[in-house]
Amino acid sequence: MIAANFKSQLFRQYRNRGNLFGGFSKVTVMNNCRLAQDTFVLRQLFDQESWTYTYLLADYVAKEAIIIDPVIEQVNRDHSILKRLGLNLLYCANTHVHADHVTGTGELKKLIPSCESIISLCSGAQADIYVKSGDEIQFGRYSVEVRQTPGHTNGCITFVCHDEAIAFTGDCLLIGGCGRTDFQEGDPETLYSSIHEQIFSLPDYYKVYPAHDYTGQTVSTIGEEKTYNPRLSKSLDEFIELMNNLNLAYPKKIDVNLPINLKCGIQEELKNND
């Protein structure tokens, strides 16, 4: 009864004001609405075929954007989002040379000729810009730091946006797991060192956004993975033993995808094979 009376009084209070914004002027309200748009843009996008996450990052004010790990089948979706938000795509950045899907980088560059491709200097792939640890990729007033995190492949990199306390870890660190190390220059000791030295050295509250998840999870934190990741919370020797005995199936599309991704996802090879 007390709760009901309180709600009734609260309703009358706001009804009598005749204006939900009370003492705020129209100018103040409009300015607040405008400020709500002056934010960092992050879109986590999903490809169901390869279970790949693509990330769109942007400065909404400067209208400058980057895309991390685009998938060729989703290029029209990504391009549509960029157009809808009025964003200028500066860079397509890949965390490594992918084996499970063809990158959308080449097709996005055809649609947006000013866009440049980015990949690790150690990847062996073609790109407009090669990066290494310590490099920064700028878009508007935001940037991501490059951290080399080999082990899944020689060319794996993690992108860290310190402004927003987030890390895009590619196939290196997954939620409750990590990338496999039994093909494509993989090495469990290198992967373990990369994760512990380059990713787990970040503050515990930093969010972790991986390139894949197969259980419906979307985000974790550094603290969670350090504590609960069943692979990475083990000792080095235990980790090596585990990774060397996973006995995983050979990736279905690796023989087709790898050569194309080494050329930035250009499709002439596929067309010639049709």
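The lining of the largest pocket in this predicted model is a mixed bag: 11 of its residues are polar, nine are nonpolar and eight are charged. The pocket holds about 740 Å³ of space. Its lining runs to 28 residues, and those closest to the centre are Ser50, Asp100, Arg180, His212 and Tyr214.

Next comes the sheet. Six strands make up an open sheet with mixed pairing, and going across it the order reads S7-S8-S9-S10-S13-S14. Strands S7 (136-139) and S14 (220-221) sit at the edges with a single partner strand each, so one side of each has no neighbour in the sheet. For S7, strand S8 (residues 142-148) runs antiparallel to it, and four bridges join the two. Glu136, for instance, has Glu145 in S8 as its bridge partner.

Then there is the nonpolar packing. Nonpolar side chains tend to be buried together in soluble globular proteins. Here, the largest nonpolar core gathers 22 residues, and the ones touching the most other members are Leu57, Ile137, Phe139, Val144, Phe159 and Phe168. Two or more residues apiece come from strands S2 (52-59), S3 (64-68), S4 (88-93), S7, S8, S9 (157-161) and S10 (166-170). A second core, of 18 residues, lies apart from this one and includes Ala165, Ala167, Leu173 and Leu232.

Back in the largest core, Ile137 is one of the residues with the most fellow members in touch. Leaving aside residues up to four places away in sequence, Ile137 touches Ile66, Tyr91, Ile118, Tyr142, Ser143, Val144, Val146 and Phe159.

Technical notes: Residues are numbered from 1 along each chain as its sequence is written. This is a predicted model: local features need pLDDT of at least 70, side-chain atom pairs count only at pLDDT 80 or more; totals for chains, interfaces and linings use all residues. Side-chain values use heavy atoms; hydrogens and water are left out. Two strands pair if DSSP finds at least two bridges between them. On a 1 Å grid over the protein atoms alone, a cavity is a set of points where a 1.4 Å probe fits but cannot get out, and a pocket is an open set with protein on both sides within 12 Å along at least five of seven lines; lining residues have an atom within 4 Å of a point. Grid points are joined across faces, edges and corners, and a volume is the space filled by probe spheres set on the points. Ala, Val, Leu, Ile, Met, Phe, Trp, Tyr, Cys and Pro count as nonpolar, Asp, Glu, Lys and Arg as charged, and the others, Gly among them, as polar. A nonpolar core is a set of buried Ala, Val, Leu, Ile, Met, Phe, Trp, Tyr and Cys residues joined through side-chain atoms within 4.5 Å. Buried means under 20% relative accessible area, exposed over 50%, partly exposed in between (1.4 Å probe, protein chains only). Contact means heavy atoms within 4.5 Å.
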